[in-house]
Amino acid sequence: MPWPISVIEVRSVDTADLYGETDQQALQAEAPVIYEQDVPLYPGGPVGVFEVVKRAVFDHAGGAMGVLGVARDITERKRAEAQIERLAFYDPLTQLCNRRLFQDRLEQAQAASARNGQWAAVEPPIACDDEEAEQWQGE
């Protein structure tokens with residue numbers, strides 16, 4: 001296969017359209033275009049998350065020659081971020097929300113209530129023991 005090959009020869013037409021759009025953005029931008037894209041790791045296989053950076057390439061006269069793109073697999077980083085978020089807001093044993101998530105939702109409800117001028121109700125999570133139940137009842 002002679003080089004350079006087109007995106008259509010590598011991927012589907014839909015993917016080629018996306019690449020074409022981001023290539024045009026890179027050609028018109030003065031800074032690199034950075035975005036994330038879900039791409040199958042192999043045909044019919046699992047999908048990975050890639051961070052793509054594109055930048056226009058110009059000749060000595062200032063004319064556009066093309067677009068240089070670099071992609072890196074950030075699938076594991078995304079999985080780790082999701083796991084960290086899950087651990088921050090849910091109990092790992094029971095999978096119930098923890099106080100941090102409850103407090104976050106309570107603050108959201110209070111803000112929405114204040115914005116809309118309406119009452120809001122939030123039910124606390126199920127208490128695990130008598131001491132914790134007493135604490136929730138006191139608040």
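A residue counts as buried when its relative accessible area is under 20%, and by that cut-off 18% of the 139 residues of the chain are buried in this predicted model. The chain exposes about 10900 Å², of which carbon and sulfur atoms supply 55%.

As for the fold, the chain contains five helices and three strands, and these follow one another along the sequence in the pattern α-α-β-β-β-α-α-α. Among the contacts in the chain with a separation of 6 or more, 25% are accounted for by residues that lie 24 or more positions apart.

Rolling a probe the size of a water molecule over the atoms shows where empty space is left. The largest pocket has a volume of about 380 Å³. It is lined by 17 residues, and those closest to its centre are Tyr 19, Asp 23, Val 52, Lys 54 and Gly 69. Which elements give two or more residues to the lining of the largest pocket? They are helix 2 and the strands 1, 2 and 3, with the residue ranges 13-28, 33-40, 47-58 and 64-73 respectively. Strand 3 gives the most to this lining, with six residues.

The residues of the lining divide by class as follows.

| Class of lining residue | Number in the largest pocket |
|---|---|
| Nonpolar | eleven residues |
| Polar | four residues |
| Charged | two residues |

Among the residues closest to the centre of the pocket, Tyr and Val count as nonpolar, Asp and Lys as charged, and Gly as polar.

Definitions and conventions:
Residues are numbered from 1 along each chain as its sequence is written. This is a predicted model: local features need pLDDT of at least 70, side-chain atom pairs count only at pLDDT 80 or more; totals for chains, interfaces and linings use all residues. Side-chain values use heavy atoms; hydrogens and water are left out. On a 1 Å grid over the protein atoms alone, a cavity is a set of points where a 1.4 Å probe fits but cannot get out, and a pocket is an open set with protein on both sides within 12 Å along at least five of seven lines; lining residues have an atom within 4 Å of a point. Grid points are joined across faces, edges and corners, and a volume is the space filled by probe spheres set on the points. Helices (H or I, at least four residues) and strands (E, at least two) are DSSP runs, numbered from the N terminus. Buried means under 20% relative accessible area, exposed over 50%, partly exposed in between (1.4 Å probe, protein chains only). Contact means heavy atoms within 4.5 Å. Accessible areas come from the Shrake-Rupley method with a 1.4 Å probe; for residues, only the protein chains shown count as cover.
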